[in-house]
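Please walk me through this structure in the viewer, telling me at each stop what to select next and what is to be found there.

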Amino acid sequence: MNRFDTIVVGVGGMGSATCYQLANRGQRVLGLEQFDIPHTQGSSHGYTRIIRLAYYEDPAYVPLLRRAYELWAEIESEAGEQLFHRTGSVDVGTETSQVFSGSLASCIEHQIPHEVLAGAELNRRFPGYQVPDEFRALYQPDGGFLLPERATIAFVEAAQRLGAVVHAREKVLEWEPVGEGVRVKTDRSVYEAGALVFTAGAWNGSLLPELVKLAVPERQVLAWLQPHQPELFTPERFPVFNMQVDGERYYGFPVFGVPGFKFGKYRHLYEQGPPESFDWEPNAADEAVLREYAAEMFPSGNGPTMSLKTCMFTNSPDDHFIIDLLPETPQVSVAAGFSGHGYKFASVIGEIMADLATERNTQHDIRLFRWDRFGAGPAAE
Ligand SMILES: Cc1cc2nc3c(=O)[nH]c(=O)nc-3n(C[C@H](O)[C@H](O)[C@H](O)COP(=O)(O)OP(=O)(O)OC[C@H]3O[C@@H](n4cnc5c(N)ncnc54)[C@H](O)[C@@H]3O)c2cc1C
């Protein structure tokens, strides 16, 4: 009864996709989630997440993105539901900013169709934007947004149709290797499996103490403001954006799901700590930071507040993901440190984690994400 091929700890963005991929390979899978499915206390809530092919963070992500797009289409067709909305994406900043220049470099390296617009052209073409003329925008038509709560449901339901067992409101308390496999103790039961996958987001460090300093949770706040001119903030007229202003980065979306256009500031107020230490109720200081930015770049969007929500990043030291097997116990794998840009990859992370659990290897190039790049294996400080 309590014996599985693979146990997945955390059924959020990455874990739900992993359960689906494993079940699709005929594995007997158990997904364990401490809260509800879906829920609003982790990293994968708030109705929308940006997906874009142009990738200023590093061109090495582009092949994974191409596969992620394919797998998003697959789960959409499996679920019979639209989970991806194509709006185009713009990466905006000065000519030398990382966001603009990195995005351009990734398009050139991977022959991704794109246009470069001067600030005034961006403002004319998509008038919700009012950026300085000296800014440059890289427009890429395949960008858009995903629906994370709906996608978590779609992955879990697809996994369940394939025989996966998924338990919400069951918290993993501890685990240990047993022979070639693992034993997992929860607040309800004890299970055994041949492989264990950690997709526990901001809580990965509580079960893998070696990760505490390498995958650090950070409080984020999102705002939804009612536009003064809502017709400028529809998905048809307002591409999703990343923008760099004075060394800070921001991102945002058209009106969808809530009567306001949504945006946030990467790293927000730089508040790091364990998830339990965060104040989950957004406050006036949170709102002020976001409103100041909206007033500058989106004057016709800067109307009454419709919603504020808290969420968590989990940052690695170099902002690249941590995806690996544990060297001493290769039956255990981890996906962590998504550093505020992981959701768009969830569909392909599911495939990679299923590869690691079943083959202890993957055809995808995950060298950028190896744990030992931090100079020491997981056993070290
Ligand atoms: C405000 C905000 C905006 C973002 N915008 C974007 C964006 O536009 N595009 C993009 O690509 N990315 C974006 N990201 C990043 C992206 O959302 C995250 O990288 C991604 O959601 C992380 O998914 P996850 O599965 O690691 O975490 P989660 O979805 O939080 O899943 C981890 C799960 O593990 C469960 N869990 C933890 N411990 C246990 C335990 N002991 N037992 C059982 N279950 C457990 C948790 O309850 C949780 O459900 C954003 C993040 C935030 C916070």
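Begin by selecting G163, the residue with a positive phi, near 105°, that follows helix α5. The model is a predicted one, in which local features need pLDDT of at least 70 and side-chain atom pairs count only at pLDDT 80 or more, while totals for chains, interfaces and linings use all residues. Residues are numbered from 1 along each chain as its sequence is written, and side-chain values use heavy atoms, with hydrogens and water left out.

Step back from G163 to α5 itself, residues 148-161; helices here are DSSP runs of H or I with at least four residues, strands are runs of E with at least two, and both are numbered from the N terminus. The 14 residues of α5 should span 20 Å at 1.5 Å a residue, and the end C-alpha atoms of α5 are 20 Å apart, which agrees; the expected span is 1.5 Å times one less than the number of residues. Colour α5 by accessibility, and P148, E149, A151, T152, A154, F155, V156, A158 and A159 come up as buried, where buried means under 20% relative accessible area, exposed over 50% and partly exposed in between, with a 1.4 Å probe and protein chains only. What covers these buried residues includes α1, β3 (49-51), α2 (62-79), β8 (144-146), β9 (165-167) and α8 (346-359).

Within α5, pick out T152, which is buried with a relative accessible area of 3%. Leaving aside neighbours within four places in sequence, T152 is in contact with V11, G12, G13, S16, I37, P38 and Y343, contact meaning heavy atoms within 4.5 Å. Two of these partners, I37 and P38, are worth a stop, since a cis peptide bond with omega of about -10° joins them. P38 is found in the loop between β2 and β3.

Next, add helix α1, residues 13-24, to the selection: α1 and α5 pack at an angle of about 25°, with their axes 8 Å apart. The axes are lines fitted to C-alpha atoms, for helices over the stretch in contact, and the angles run from 0 to 180 degrees between N-to-C directions. The two helices, α1 and α5, are therefore roughly parallel to each other; angles under 35 degrees count as roughly parallel, over 145 as roughly antiparallel, 65 to 115 as roughly perpendicular and the rest as oblique. The contact draws on G13, S16, A17, C19, Y20 and A23 from α1, and on T152, F155, V156, A158 and A159 from α5. By class, the residues of this contact comprise eight nonpolar, three polar and no charged, with Ala, Val, Leu, Ile, Met, Phe, Trp, Tyr, Cys and Pro counted as nonpolar, Asp, Glu, Lys and Arg as charged, and the others, Gly among them, as polar.

How many of the twelve residues of α1 are buried? Eleven of them are, so α1 is largely enclosed by the rest of the structure. The buried residues of α1 pack against β1 (3-9), β2 (29-32), α2, α5, β12 (190-198) and α8. From first C-alpha to last, α1 reaches 17 Å, close to the 16 Å expected at 1.5 Å a residue. Just after α1, select G26, which takes a positive phi of about 85°.

Now bring in α2, whose axis comes within 13 Å of that of α1 and crosses it at roughly 80°. The helices α1 and α2 are therefore roughly perpendicular to each other. Here Y20, Q21 and N24 of α1 meet L71, E74, I75 and E78 of α2, a contact with three nonpolar, two polar and two charged residues.

Move on to the loop between α3 (98-109) and β6 (115-118), where H110 is found. H110 counts as buried at 19% relative accessibility, and, leaving aside neighbours within four places in sequence, H110 is in contact with P59, V62, P63 and R66. Q111 is found in the loop between α3 and β6 as well, but Q111 counts as exposed, at 70% relative accessibility. Although Q111 is not a glycine, its phi is positive, about 50°.

Finish at H268, in the loop between β16 (261-265) and β17 (271-272). H268 also has a positive phi, about 45°, although it is not a glycine, and H268 is buried, with a relative accessible area of 1%.
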